[in-house]
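This report describes one protein chain from the inside outward. It takes up the nonpolar cores, then the overall form, then selected residues.

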Amino acid sequence: MKERIYNFSPGPAMLPYEVLQQASGDILNFDNSGIGICEISHRSKEFMHVAAEAEELLRELLNIPGNYRVLFLQGGASSQFFMIPMNLLGPGKKATYLNTGTWSKKSIKEAKLFGEIEVAFSSEEEKFNRVPSQGEYTVADDSEYLYFVSNNTIYGTQFSTMPVSEKMLVSDMSSDILSRPIDVSKFGVIFAGAQKNMGPSGVTTVIIRDDLLERCPENIPTMLKYSTHAEKESMFNTPPTFPIYIVGKVLKWLKENGGIGEMEKRNREKADQVYKVIDSGEYYRGHALVESRSMMNIAFNLPTPELEGKFIAEAAEKGLNGLKGHRSIGGCRASIYNAFPREGITRLVDFMQEFEKTNPA
Ligand code: PMP
């Protein structure tokens, strides 16, 4: 086999190698049962155990209180953009949103279909180079919730501390869930597509406070009601069995590797190494303002688009792939989630320093 590359892509992203090794065996013969993991019934006792274990590990790692439900849904994180307001708002009801990038903008558009949406902050005019500080926005008294994207995958910005509000928080944590400790009790809903920090694409994890399930209106499609999936423990229809299996294995890996506190420490160290090179001169320029910098996605530019193209191509030749920035902002981006190995960061940092020397502006 070709040597494994370091994949900096924003998601699907690198998974722990140990998990992939185990999965490759379980695809053929799951747990020595004589049948592969993709072939077993979602109602079999083997799979029920897989799903229950994944939920248990998530509860333990994130310290999820007993009055929250964990759902494993489909339709991508993008389906939560409408499911949240569809279930929690309605005519005459209001919610407050912070517009910090493409994913919040898309959420705002969907939410407007179901209620009155107040956008209390936007960094769009500054090319989404920052998130707001506390006190820079106000949440209306009659708002049902405050919605924000904890980490903006495209622009490389992140809330270093979560917004504080008397209203319940609702957050898209697709690109930083499990990367640092959070206080789940401050949230009404947390959701995350798995394909960055949890597993492959195909499953979206939703953590929802159980009293909110009573708000789900009767007159919306059954599949789009949180209460449907909560009542049937995410087995109302066939769940994405293989992604759920991988999520369980990734969570086990995470626990064995010291849990979320340790992940946060490693993530900070990894990101700091890259930011140090960016800050060392004028050659590399970070997109995000320093106080809004993300530990998960580092978006940066080189002196010219030509040099950026050369940088991305030469990096790929050295086994450092996926460094092209999102088409909406261009430039480069290194996505370095929990499972991204430290050796890959060292390789990137060495490459950045060498490229700067050999390709003066
Ligand atoms: N939210 C965030 C923060 C994301 O980064 C993404 C995808 N990159 C999405 C939502 C959309 O996820 P999906 O493709 O699963 O719908």
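## Nonpolar cores

In this predicted model, the largest nonpolar core has 52 residues. The residues with the most contacts inside this core are L58, L62, I177, L178 and I207. Helix 1, helix 2 (45-62), strand 2 (68-73), strand 5, strand 9, helix 6 (241-256) and helix 7 (259-279) each supply at least two of its residues. A second core, separate from the largest one, has 29 residues; A315, F340, I345 and F355 are among them.

Two of the residues named for the largest core can be described further. I177 touches L62, I190, A192, N197, M198 and I207, leaving out residues up to four places away in sequence. Of these partners, L62 and I207 also belong to the residues with the most contacts inside the core. L178 lies in the loop between strand 8 (168-172) and strand 9 (187-193). Its relative accessible area is 1%, so L178 counts as buried.

## Overall form

The secondary structure of the protein chain comprises nine helices and 14 strands. For 361 residues, a compact globule would have a radius of gyration near 21 Å, and the 21 Å of the protein chain agrees with this. Along the principal axes, the C-alpha atoms fill a box of roughly 65 × 55 × 30 Å. Among contacts with a separation of 6 or more, 65% join residues 24 or more positions apart.

Of the 361 residues, 55% count as buried. The exposed area of the protein chain is about 16000 Å², and carbon and sulfur atoms supply 50% of it. The chain carries 40 positive and 46 negative charges, and the mean positions of the two sets are 2 Å apart.

## Backbone exceptions

Most residues other than glycine have a negative phi, and most peptide bonds are trans. The following sites depart from that pattern. The peptide bond from G11 to P12 is cis, with omega near -5 degrees. P12 is located in the loop between strand 1 (6-7) and helix 1 (17-28).

Two residues other than glycine have positive phi values: K127, near 50 degrees, and L178, near 70 degrees. Both are in loops, K127 between strand 4 (116-122) and strand 5 (143-149), and L178 between strand 8 and strand 9. K127 is exposed because its relative accessibility is 58%, whereas L178 is buried at 1%.

## T157 and K105

Which residues does T157 touch, not counting residues up to four places away in sequence? They are T100, F128, N129, R130, V131, S150, N151, N152, A288, S292 and S294. T157 itself is in strand 7 (residues 157-158). With a relative accessibility of 0%, T157 counts as buried.

K105 is placed in helix 4 (residues 102-111). Its relative accessibility is 40%, so K105 counts as partly exposed. Apart from neighbours within four places in sequence, K105 is in contact with N99, E124 and F128; F128 is also one of the residues that T157 touches. K105 and P91 are 14 residues apart along the chain, and their C-alpha atoms are separated by 21 Å.

Methods: Residues numbered from 1 in each chain as written. Predicted model: local features only at pLDDT ≥ 70, side-chain atom pairs only at ≥ 80, totals over all residues. Heavy atoms only, no water. Helix = DSSP H or I, 4+ residues; strand = E, 2+ residues; numbered from the N terminus. Rg over C-alpha atoms; globule rule 2.2 N^0.38 Å. Buried < 20%, exposed > 50% of the residue type's maximum accessible area, 1.4 Å probe, protein only. Contact = heavy atoms within 4.5 Å. Areas by Shrake-Rupley, 256 points an atom, 1.4 Å probe, with all protein chains shown as cover. Lys, Arg positive; Asp, Glu negative; His and termini not counted. Charge placed at Lys NZ, Arg CZ, Asp CG, Glu CD. Core = buried A, V, L, I, M, F, W, Y, C linked by side-chain atoms within 4.5 Å.
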